Amino acid sequence: MTDGLAGRTVLLTGVTGFIGQALLERVLSGHPDTRVVAVLRERPGMTAEQRLDELIDKPVFWSWRERVGDDAARATVRERVRVVTADLTDSVPELPDDIDVVIHGASIVSFDPPIDDAFRTNVVGTVDLYDAVRRAGERGGKKPHIVHVSTAYVAGSKKGIVAETSLQHDIDWTTELECAVEARRAVERDSRRPEVLGRLRAAALKEQGKAGPTAVAADTEQRRRKEVDERLIAYGRERARSLGWPDVYTLTKALGERAAEQTAHDVPLSIVRPAIVESSLRHPYPGWIDGFKMADPLILAYGQGMLRALAGIPDGIVDIIPVDLVVNALLAAAATPPEPGSPAYYHVGSGARNPLTLQRLIELVQEYFDEHPLPGTDGRGAIRPRDVTLLSEGRADKMLGTAERAMDFAEKALLMLPSGDRTRGWQRNLYKQGREVRMLRRYRDLYGAYGAAEVVYADSATLALDASLPDDAGCDSAVIDWAYYLRDVHCAAVTAAFRGVPPPVREPKPILTAGRPAPPPIVFEERADVAAVFDLDGTIVASDVVEAHLWARLLDAPLKAWPQTMLPVLRSVPRYLRTEHRDRGEFLREFVQRYEGANEAELRRLAQERLSDVLLRRAWPQAIRRIRRHRAAGHRTVLLTGAVDVFVEPLRTLFDDVLAARLRVVDGRCTGTFEQPPLIGEARAAWVRAWAQKEGIDLAGSWAYGDHYSDRPVLEQVGHPVAVNPDARLYRHAKRQRWSIADWDGDSGAVTTLLDAALAGASQKGGAR
Amino acid sequence: MSRPGLVLEVDERTPPLLVHEGEGFRLERFPLGTRVIYPPDSLPGIRDVNRRIEDALLNPLGSEPLPELLHSGMRLTIVFDDLSLPLPPMQAPDVRQRVIEQVLEMAANAGVDDVELLAGNALHRRMTPAEIKHIVGERVFNSFWPDRLRNHDAEDRDNLTSLGQTRHGEDVEINSRAAQSDLIVYVNITLVAMSGGAKSVSVGLASYKSLRHHHNVHTLRHSRSFNDPPNSAMHHSYERMHSLLSESVRVFHIECTVNNDVFPSPFQFLNKREWEWTLKDQAKFLAGKRANDLAPAGARHRVWQNMRAPYGVTGVHAGATDLVHEKTLGNVHRQQLTEVQGQSDVLMLGLPYLCPYNVNSVMNPILVYSLGLGYYFNMYKNKPLVREGGALIMYHPMKAEFHPLHHPSYIDFYEEVLTQTIDPATIETKFEEQYATDPWYIHLYRNSYAYHGVHPFYMWYWGAHALSHLGDVICVGADRRVASRFGFRAASTLADALEMAGETVGRSPSLTYLHTPPMTLADVR
């Protein structure tokens with residue numbers, strides 16, 4: 001065979017993609033007299049050249065590099081590949097004028113992008129590129145041959161045999177494009193309407209209210225952006241469906257073809273439409289694959305025993321084609337330019353000549369895993385996959401919907417429960433199960449339209465190309481022995497990552513009969529310019545404002561007066577809870593009214609004599625130890641609390657700075673109001689920042705401890721945030737942010753022993769009078 | 001006449017025997033041939049305690065009668081033992097209350113105005129008002145609390161007086177009010193031979209500076225045992241200190257001893273030897289054990305801690321410290337001493353719910369350790385009950401439970417010291433100073449109800465002699481994590497424990513079970 005590309009210059013886009021990599025490799029290794037121009041995007045902190053360098057290290061080039069030697073391979077790349085830095089969705093620079101062939105493989109990877117993104121990449125990018133190619137061609141006096149990589153699924157929801165011709169539709173892509181761009185503007189505008197913003201803010205308030213107004217604002221904006229995206233995705237999906245395509249990806253690819261036909265009307269144009277591209281059959285080596293392709297997550301899920309049901313029809317055809325066959329077809333097409341103005345069309349798939357049914361696919365995958373089960377991740381031997389049931393579309397949707405609703409409900413319910421060891425455990429489980437449901441949803445969405453379409457893509461043009469190719473590098477799908485390909489090549493390739501790690505050698509391990517050895521005591525680095533900021537209620541002490549108040553009152557009251565002391569407070573509890581849910585500051589202000597008229601000196605005496613024991617009794621030993629550790633290392637220790645200063649007096653010696661609420665006192669009597677607004681949530685964070693700056697404290701090296709979501713702003717200020725016995729919301733946040741989570745416990749929870757002390761005190765008091 | 005102590009050899013007819021284990025107890029069938037040491041039967045109490053007190057005060061040993069020592073214008077300080085004595089606390093009225101009331105009456109008659117009462121609590125936690133009231137009685141409490149009835153504060157630098165050093169260079173520093181008094185009247189209850197005598201003032205009113213001279217690893221390793229004062233390096237130190245302080249302040253000592261009636265009704269049968277239990281006793285035991293096992297931990301704890309002992313008073317002696325204490329020791333021995341022939345390979349102990357430092361509190365594992373390897377191991381004269389290199393098997397759940405208010409430094413000691421080393425000498429040199437001078441612990445000791453920061457160290461030293469003497473310690477029913485932190489091993493049953501001890505003492509060891517409480521002091525010949 002003669003090399004139709006010898007002496008030519010080929011421009012490639014999308015070289016970092018799956019097909020692109022294979023294409024570049026094949027040109028470099030198989031067409032020694034062909035030069036390449038690669039269009040690459042910059043990435044933050046990485047030039048296009050560096051990306052190309054990185055690309056050459058990928059497995060697809062391994063066998064070539066092994067054959068010619070590393071240095072020779074690098075030299076070849078330097079010599080034969082030119083890089084053009086460009087982002088096709090943005091603008092296309094002037095291209096070199098010696099280009100003979102363009103293979104445009106760049107495309108949006110998602111099936112469900114916002115409508116304007118899809119159009120920008122698949123239509124605008126294409127048109128801009130081809131315009132630039134034509135201009136460059138005119139400069140160089142050439143008519144470059146454009147090979148446009150499309151997809152077989154541009155045929156949309158058609159059934160039966162699809163011919164290799166131009167798509168039959170009269171949709172005006174420019175109008176659609178305009179509308180897509182307009183949609184973005186409209187949706188953005190719409191999302192700023194007061195009703196929408198109000199609703200979003202209410203939702204954000206509910207979720208983030210405790211973390212303060214800044215967090216609410218940030219969350220509101222994030223929600224708006226998300227809603228805009230979701231809306232634009234819906235625009236895309238519905239527009240595609242209304243025109244007869246399953247999703248916006250295939251719609252824009254279809255319109256992209258039309259745009260290509262119109263833009264490249266005076267140059268040779270070949271449109272190549274591969275079906276589902278999977279691992280290679282022969283080249284560069286059997287089973288080469290980059291990442292997971294469409295069917296692979298399903299195969300893996302099955303191998304891991306997670307896939308139990310699948311939507312699809314058993315005799316539907318799954319049109320899988322190995323990537324090297326696609327590359328062969330592309331290069332063959334590139335070497336066979338048609339006449340300008342009469343584009344050539346090629347379907348690259350297996351459905352016409354070598355169909356694989358869904359049933360057969362499942363059987364082969366099952367056979368593969370029966371023979372080569374995946375090793376269990378926990379080292380408990382191999383995983384035994386479960387049988388897969390094929391469901392009709394409707395039933396699958398219903399089942400998944402139910403699961404999603406249940407997850408949603410469980411998550412909401414958990415957030416309402418009080419936090420504790422057990423709820424945190426549930427949360428962990430839910431998180432795992434949620435992942436499974438989300439994964440199934442993704443497969444469902446991905447696979448729905450492509451898996452088992454009742455359609456056959458005719459491929460006689462491709463077969464004609466095959467005739468021009470050598471036997472071992474053809475593009476005729478009839479050469480595929482599905483049993484061999486799936487069982488010995490593809491499944492093995494897809495599961496390689498799971499087998500790559502040799503099973504750990506398990507020496508008999510000593511068993512810790514007496515529990516885990518205690519961790520060595522924490523020793524902090526000695527520094528004077530860092531701080532440890534502590535919250536009080538729930539972080540150091542297992543109590544809160546209301547409880548402290550109750551103890552203060554009860555300890556001072558004779559036993560028989562207890563009911564009348566407790567009742568008014570207990571009666572108000574529901575109201576307090578409501579207020580606290582709404583706004584902690586408001587709650588504190590409301591609660592502090594209880595002290596109206598109290599004698600301040602008396603309150604101080606009471607707190608010192610009786611309450612200090614309660615406080616110390618309820619303090620977590622780990623908390624006290626941690627504070628003392630910080631002090632020992634010279635750190636500034638700070639207590640930030642909404643509790644009244646009188647009540648935190650016993651702990652004062654542990655802290656360098658105490659910021660507590662102060663009661664306003666007039667003539668020795670409390671007025672039932674605060675001296676200054678109590679520091680809550682973001683006010684605390686602001687105070688910490690200001691204080692740190694004034695005192696020269698390095699917050700990045702500092703610690704903060706909190707238990708409640710409202711402590712989040714303070715925790716975010718420092719480099720070492722610690723969530724202590726966190727509530728559900730803070731736990732979730734801490735998990736996501738990888739903050740340390742401390743479980744502090746002790747005897748402190750024992751209210752009964754406290755009650756004993758109080759009773760003893762009360763009866764003794766009664767006796768003394 | 002009560003029956004003397006008894007060494008029983010377990011044979012086929014011996015019923016299962018009572019073993020205490022924390023807030024619970026069990027009946028254990030010991031292997032045939034096990035020696036079981038019982039204390040003498042509880043002695044009869046004095047009928048008219050008040051008469052006896054008056055008699056002691058008016059006819060003291062080696063001293064003028066108390067009224068002759070009292071005169072108007074003098075400074076009188078009455079010091080009394082804190083709540084660590086007796087164990088369990090005495091049913092009201094406490095004998096100290098009776099003594100103090102009589103002393104105060106005599107002082108009033110003599111026109112003494114400047115009277116203060118001090119609890120000799122050394123580095124123990126402050127007592128709560130209720131606890132003090134239980135000891136001194138309501139009348140005294142109401143008249144003197146809080147200004148003239150106080151806890152001793154060993155960290156109140158302004159109220160400590162140094163009285164110099166003994167010839168061994170030991171600092172003697174005690175409470176200023178006591179040091180500057182014309183007369184100290186010390187009101188004591190002696191429960192075991194370790195307490196009372198020279199120890200009372202020199203320890204009860206001292207500071208860390210003074211205490212560290214005898215509460216240390218070296219002294220305790222040479223106190224064999226500390227319940228046998230003539231052979232106790234610790235007591236030699238007490239005596240040197242006491243004689244030094246006697247030079248500057250006169251001490252009039254009043255010591256009381258109690259009998260073995262530690263269990264109130266309906267549990268009095270626990271004091272009886274098991275084969276003498278009536279059918280009714282056995283039924284009570286079964287019901288009591290079942291109820292105790294089923295009760296929630298909190299309720300069970302309350303029941304045990306609220307137990308008050310209906311002690312009988314076996315003696316009241318007053319006058320010069322040494323003469324009084326001699327009589328006192330005689331009474332203690334009369335009640336507790338049982339002669340035993342020879343040491344055995346294995347000693348078995350049932351550790352009860354209470355030790356001197358968890359009255360109205362939680363028995364934390366360090367206290368369990370000190371009760372077993374400190375107090376009980378040292379309940380001997382002449383030689384330990386177990387041979388050198390022998391094994392100790394003790395029963396206690398040993399849960400890692402602490403009272404955060406009373407034992408804050410214990411928690412840190414457990415988490416941060418014992419995780420690094422369990423060797424008493426290393427612990428002493430590496431950590432003692434740091435804990436003893438820690439401002440936070442001092443703050444808690446002075447203002448809250450915490451034992452002093454150094455107190456857990458003393459608990460650890462208490463067991464230093466046993467640790468170097470024993471070849472193995474096995475804890476039946478203990479939390480394995482706790483036992484292993486102490487360097488011990490936990491066993492589920494006695495059979496397993498004996499199996500494990502076999503590594504140290506061979507397959508046919510001789511066994512001794514010290515049947516206690518009530519207290520038994522073994523005189524090992």
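**Architecture of chain A and domain organisation of chain B**

In the predicted model, chain A comprises 26 helices and 21 strands. Of its 769 residues, 42% are buried. Among the contacts in chain A with a separation of 6 or more, 76% are formed by residues 24 or more positions apart.

Chain B contains an open sheet of six strands with mixed pairing, arranged in the order 7-6-5-10-11-12. The edges of this sheet are occupied by strand 7 (149–151) and strand 12 (313–319) of chain B; each has a single partner strand, so one side of each is left without a neighbour in the sheet. On average, neighbouring strands of the sheet are turned by 20° against each other, direction ignored. At one edge, strand 7 of chain B pairs with strand 6 (residues 114–120) of chain B in the parallel sense over three bridges. Within this pairing, B:L149 of strand 7 is the bridge partner of B:L117. Helix 13 (residues 321–336) of chain B lies across strand 10 (183–190), strand 11 (250–258) and strand 12 of chain B, and runs at about 170° to strand 12.

The domain assignment divides chain B into domain 1 (6–43 + 336–524) and domain 2 (51–258). Their C-alpha centres lie 28 Å apart, and 31 residues of domain 1 are in contact with 29 residues of domain 2. On the side of domain 1 that touches domain 2, at least two residues each are supplied by strand 15 (380–381), helix 16 (424–436), helix 17 (439–447), helix 18 (455–462) and helix 19 (464–469) of chain B. By class, this side of domain 1 has 21 nonpolar, seven polar and three charged residues.

Technical notes: Residues numbered from 1 in each chain as written. Chains lettered and ligands numbered in written order. Predicted model: local features only at pLDDT ≥ 70, side-chain atom pairs only at ≥ 80, totals over all residues. Pairing = 2+ DSSP bridges. Helix = DSSP H or I, 4+ residues; strand = E, 2+ residues; numbered from the N terminus. Axes fitted to C-alpha atoms, helices over the stretch in contact; angles between N-to-C directions. Contact = placed C-beta atoms within 7 Å. Buried ≥ 20, exposed ≤ 12 C-beta atoms within 10 Å, placed from the backbone. Domains from an automatic or database assignment. Nonpolar A, V, L, I, M, F, W, Y, C, P; charged D, E, K, R; others polar.
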